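Biologist: Pick one part of this chain and take me through it closely, with the pairings and the burial side by side. Say what each label rests on as you go.

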Amino acid sequence: MEEKKYFLIEEDAVPEVFHKVMEAKRYLATGKAKNSSYAAKMAQLSRSAFYKYKDKIMEYRLADNNVITLFFSLEDLPGVLSSVINKLYECGANILTVNQNIPSDGVASVTISLRTSEITMAEPQLLEHLRQCAGVVRINKLS
């Protein structure tokens, strides 16, 4: 069996059909299209082209310098994590992952990775803003 080869190409070098396939895949993933036929139609793409390429192309993003991971110690009280997430939203952060452990001794460990490219303040200000949330015991930047 011959080993598959893969190519990483810049978006502007990709033929229009691949852009439309990716558009159709986004319609499906976001629920804007209820099925593949409708997604292809919305993207102005033939169904045969969609089915031919849908498993052959995917979006790839290079490592993003605008991603940080924060470690929180939060009091085990209702709404504390929600308050932190709302603060991040208010600042323009795009949350990528949230991992919360089961609380121990009244404190829960939470790790949140977020994209900072749209954040409206400097990182030290962001951390101070988050520390103001009721129930935040500690915040450390992991990366």
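Modeller: First the cut-off: a residue is called buried when its relative accessible area is under 20%, exposed when that area is over 50%, and partly exposed in between. Keep in mind that this is a predicted model.

A quick warm-up with that cut-off is Ser36, in helix 2, which spans residues 36–42. Its relative accessibility is 18%, so Ser36 counts as buried. Leaving aside residues up to four places away in sequence, Ser36 touches Leu28, Phe50 and Tyr51.

The part I'd zoom in on is helix 5, residues 123–131. Start with its inward side: Leu126, Leu127 and Leu130 are buried there. Look down the axis of helix 5 and its buried residues fall within an arc of 95°, which means that they line one face of the helix. What sits over them? The cover on the buried residues of helix 5 includes strand 1, helix 4 (80–91) and strand 4.

Now for the charged residues. Side chains of opposite charge can pair when their charged atoms come close. Within helix 5, the side chains of Glu128 and Arg131 form a salt bridge, with N to O at 3.9 Å. The cut-off there is 4 Å between the side-chain nitrogen and the carboxyl oxygen, so 3.9 Å still makes the list. Why do these two fit together along the helix? Glu128 and Arg131 are three residues apart in helix 5, so about one helical turn separates them. Glu128 has a relative accessibility of 39%, so it counts as partly exposed. Arg131, at 38%, counts as partly exposed too.

Glu123 reaches out of the helix instead: it forms a salt bridge with Lys141, where the closest N and O atoms are 3.0 Å apart. That pair links distant parts of the chain, with Lys141 in strand 4 (residues 136–141) and Glu123 in helix 5, 18 residues apart. Strand 4 therefore turns up twice in this picture, in the salt bridge from Lys141 to Glu123 and in the cover on the buried residues of helix 5. As for accessibility, Lys141 is partly exposed, with a relative accessible area of 39%, and Glu123 is partly exposed at 31%.

Beyond helix 5, the salt-bridge count for the model comes to four. One of them joins Glu59 and Arg26, whose side chains meet at 3.9 Å, N to O. Here too distant parts of the chain are linked: Glu59 sits in the loop between helix 3 (47–53) and strand 1 (67–75), Arg26 in helix 1 (residues 16–30), and their positions lie 33 residues apart in the numbering. Glu59 is partly exposed, with a relative accessible area of 48%, and Arg26, at 42%, counts as partly exposed.

One last check, on cysteines: the disulfide count is zero. A disulfide needs two cysteine sulfur atoms within 2.5 Å. For Cys91, the closest cysteine sulfur is that of Cys133, 8.8 Å away, so the gap is too far for a bond. Seen from the other end, Cys133 is in no disulfide, and its nearest cysteine sulfur is that of Cys91. Cys91 counts as buried, at 1% relative accessibility, and Cys133 is buried with a relative accessible area of 5%.

Note on methods: Residues are numbered from 1 along each chain as its sequence is written. This is a predicted model: local features need pLDDT of at least 70, side-chain atom pairs count only at pLDDT 80 or more; totals for chains, interfaces and linings use all residues. Side-chain values use heavy atoms; hydrogens and water are left out. Helices (H or I, at least four residues) and strands (E, at least two) are DSSP runs, numbered from the N terminus. Buried means under 20% relative accessible area, exposed over 50%, partly exposed in between (1.4 Å probe, protein chains only). Contact means heavy atoms within 4.5 Å. The arc is that of the directions from the helix axis to the C-beta atoms.
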